[in-house]
Amino acid sequence: MTALTSLLDGFQQILTLEAMFYLLAGVFIGNVAGLLPGLGATSGTAILLPLTFGMDAVNSLVMLAGIYYGTMYGGTISAMLINVPGTTAAAMSALDGYPLTKRGQGGKALCVATFSCFVGGLIGTLGLTFGGATLAQAALKFGAPEMFALTLMGLCLVTGITGDYPLKGYLMLIFGLLLGTIGIDTITGQQRFAFNFIYLLDGLNTIPVLVGLFGFSEVFVQLEKRSKWDKKGGSGKLSIRDSLLTRKEWKSIGLPTLRGTLIGFFVGALPGAGATIASVITYGSEKKLSKHPEKFGDGAIEGIAAATAATNASTGGAMMPMLTLGIPGSAATAVLLTAMTMYGVQPGPRLFATGGSLAWVVIASMFVGNILLMVMNMLGIPLFTKILNASADFLMPVVGVLCFIGAYSLNNSVFEVGVMAVFGVLGYILKKLDFPGLPMILGLILGSSAETSLRQGLIMSDNDWSIYFTRPLSLVFMLITFAMLFLPLFRALRSRRKANQLKEAK
């Protein structure tokens with residue numbers, strides 16, 4: 001049975017009134033879960049998994065899958081409108097989306113994100129359909145050295161998102177890496193900087209830090225300003241037409257969307273990589289390729305397009321190792337793997353060879369679900385942008401409440417609320433001192449996986465560091481990393497030399 005025939009059979013099973021109802025419910029719940037900090041794809045699917053017991057297998061799987069990729073859409077909405085990323089991957093879309101919102105162009109930012117999410121999700125699902133088994137086998141060649149080199153490359157892309165202050169960016173990156181060492185050592189099992197405090201044994205949770213640093217700190221900034229938001233583009237009569245892009249803007253986001261889709265798809269296929277690494281690498285690469293890198297971080301729609309496309313394309317990539325190898329590509333796909341085995345489907349190399357009809361049901365639902373999400377979010381743009389009519393005096397308390405709810409709902413812990421508040425104050429201080437907060441978040445998120453991969457590679461090579469330069473894929477990533485580190489320095493030295501020559505000529 002060919003892939004196309006199997007896919008058509010999957011469409012036949014989901015294009016029923018009952019299955020479509022559960023699919024619509026799944027993508028809607030996923031959208032809402034992405035909006036709320038602390039939920040996300042993993043929590044949303046895990047919470048609803050017990051509720052699907054006793055349901056028809058098709059209805060259960062399409063609903064859970066809808067929640068998974070629905071969160072990728074929803075996470076960008078709160079990130080761009082109120083600077084509170086619903087998921088860690090959505091933090092990159094806030095860099096340019098929130099500045100646009102503050103200028104009264106939140107509808108346009110949402111339009112770009114919705115379009116890029118749809119394209120990324122659609123192409124990612126096509127890649128899963130026709131190239132899943134091949135790419136998943138190739139992903140197995142990524143061992144610890146390759147994962148370390150790839151993660152290091154993502155961390156070094158901090159030079160592309162810190163604007164005119166690369167030194168401050170690296171200082172914040174190092175601070176984030178240090179924060180990532182708190183907790184139990186994954187190799188030796190020993191405590192590190194936990195001080196026998198039970199809440200620190202698992203390390204600092206990313207979500208409260210993220211919400212505090214970006215969202216809660218903005219409350220303090222607005223309280224200090226005591227000003228109202230620009231209402232341009234935030235009228236209650238705002239229509240979809242007001243949020244559409246010009247022909248020039250559509251043209252400008254074409255290539256960034258395509259590049260983000262390809263990077264997100266391939267990075268998402270790597271077990272353990274995920275949407276966050278995909279969005280970081282894509283955003284940094286896009287800024288370096290741009291003819292106007294100075295616009296990034298200040299409302300560049302190319303940055304939104306690339307990051308959101310990568311985030312959604314990574315969902316199709318993450319499904320590949322789960323379906324074809326039985327290896328979850330992310331925490332959310334691990335929950336989906338549990339659901340599939342619960343209904344007698346055993347993902348692995350023989351899944352597609354022996355039919356795997358329920359697997360094709362999930363893939364078909366991703367095509368239909370992406371269309372539903374695009375329509376849902378495009379129609380919801382006027383509703384979302386109505387918040388721009390509110391003054392900061394009204395909106396910021398709402399943002400503060402959402403921050404507290406998001407931090408608490410993560411583990412029902414007051415400690416997480418305290419972490420969020422502390423990093424909210426820290427974020428406010430960093431903004432006053434003009435220090436970028438995102439490098440710290442990247443260090444916290446990626447530092448743990450980088451350290452684990454580094455030490456696993458050294459164990460494999462008996463502490464021989466050459467392993468990172470003798471394996472082809474690892475060597476390529478290392479060379480790219482060194483180029484990103486030293487090329488800006490060479491450019492600065494060359495510019496200074498030219499300036500000195502001009503002075504001497506005068």
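**Buried polar residues, a salt-bridge network and a nonpolar patch**

Asp-96 touches Tyr-283, Lys-295, Phe-296, Gly-297, Asp-298, Gly-299, Ala-300, Gly-303 and Ile-304, with residues up to four places away in sequence left out of the list. This acidic residue belongs to helix α5, which spans residues 91–102, and in the predicted model Asp-96 is buried, its relative accessible area being 0%. One of the listed partners is also met through a polar contact: the side chains of Asp-96 and Tyr-283 come to 2.7 Å.

A look at the whole chain helps to place this site. The secondary structure amounts to 20 helices and two strands. Of the 506 residues, 55% count as buried. Among contacts with a separation of 6 or more, 79% join residues 24 or more positions apart. The chain exposes about 22,100 Å², and 66% of that area is supplied by carbon and sulfur atoms.

Charged pairs come next. The count of salt bridges comes to seven, and Asp-185, Arg-192, Glu-451 and Arg-455 are linked in a network of them. Within this network, Asp-185 and Arg-192 meet through their side chains at 3.6 Å, N to O. Asp-185 also forms a salt bridge with Arg-455, where the closest N and O atoms are 2.8 Å apart. Because Asp-185 sits in the loop between β1 (183–184) and β2 (191–192) while Arg-455 lies in helix α18 (residues 438–460), this pair ties together parts that are 270 residues apart in sequence. Arg-192, in turn, forms a salt bridge with Glu-451, with 2.6 Å between the closest N and O atoms. Here strand β2 holds Arg-192 and helix α18 holds Glu-451, so the pair ties together parts 259 residues apart in sequence.

The cover over these residues can be compared with the 20% cut-off for burial. Asp-185 is buried, with a relative accessible area of 7%. Arg-192, at 19%, also counts as buried, whereas Arg-455, at 21%, counts as partly exposed.

Glu-416, in helix α17 (residues 414–432), offers a contrasting case. This residue is buried yet has no salt bridge, and the nearest side chain of opposite charge, that of Arg-192, is 17 Å away. Beyond neighbours within four places in sequence, Glu-416 is in contact with Asn-205, Pro-208, Ala-407 and Asn-411.

An uncharged polar residue, Asn-370, is found in helix α15 (residues 357–385) and counts as buried at 3% relative accessibility. The side chain of Asn-370 reaches the backbone oxygen of Met-366 at 2.7 Å. Apart from neighbours within four places in sequence, the contacts of Asn-370 are Tyr-69, Tyr-73, Cys-117, Phe-118, Gly-121, Leu-122 and Thr-125. For Leu-122, the C-alpha separation from Asn-370 is 6.8 Å, although their positions lie 248 residues apart along the chain.

Finally, the surface carries a nonpolar patch formed by Leu-4, Leu-8, Ile-123, Leu-126, Phe-130, Leu-255, Leu-258, Leu-262 and Phe-266, which together have about 840 Å² of accessible area. Helices α1 (3–14), α6 (106–139) and α11 (247–268) are the elements that each give two or more residues to this patch. The largest share, four residues, comes from α11. Ile-123, which is found in helix α6, counts as partly exposed at 31% relative accessibility.

Notes: Residues are numbered from 1 along each chain as its sequence is written. This is a predicted model: local features need pLDDT of at least 70, side-chain atom pairs count only at pLDDT 80 or more; totals for chains, interfaces and linings use all residues. Side-chain values use heavy atoms; hydrogens and water are left out. Buried means under 20% relative accessible area, exposed over 50%, partly exposed in between (1.4 Å probe, protein chains only). Contact means heavy atoms within 4.5 Å. A polar contact is a pair of N or O atoms within 3.5 Å; within protein, one must be able to donate a hydrogen and the other to accept it, and residues adjacent in sequence count only if both atoms are side-chain atoms. Patches are made of residues with over 30% relative accessible area and no salt bridge: like charges are joined within 9 Å, nonpolar side chains (Val, Leu, Ile, Met, Phe, Trp, Tyr) within 5 Å. Accessible areas come from the Shrake-Rupley method with a 1.4 Å probe; for residues, only the protein chains shown count as cover. A salt bridge is a side-chain nitrogen of Lys or Arg within 4 Å of a carboxyl oxygen of Asp or Glu. Lys and Arg count as positive and Asp and Glu as negative; His and the chain ends are not counted.
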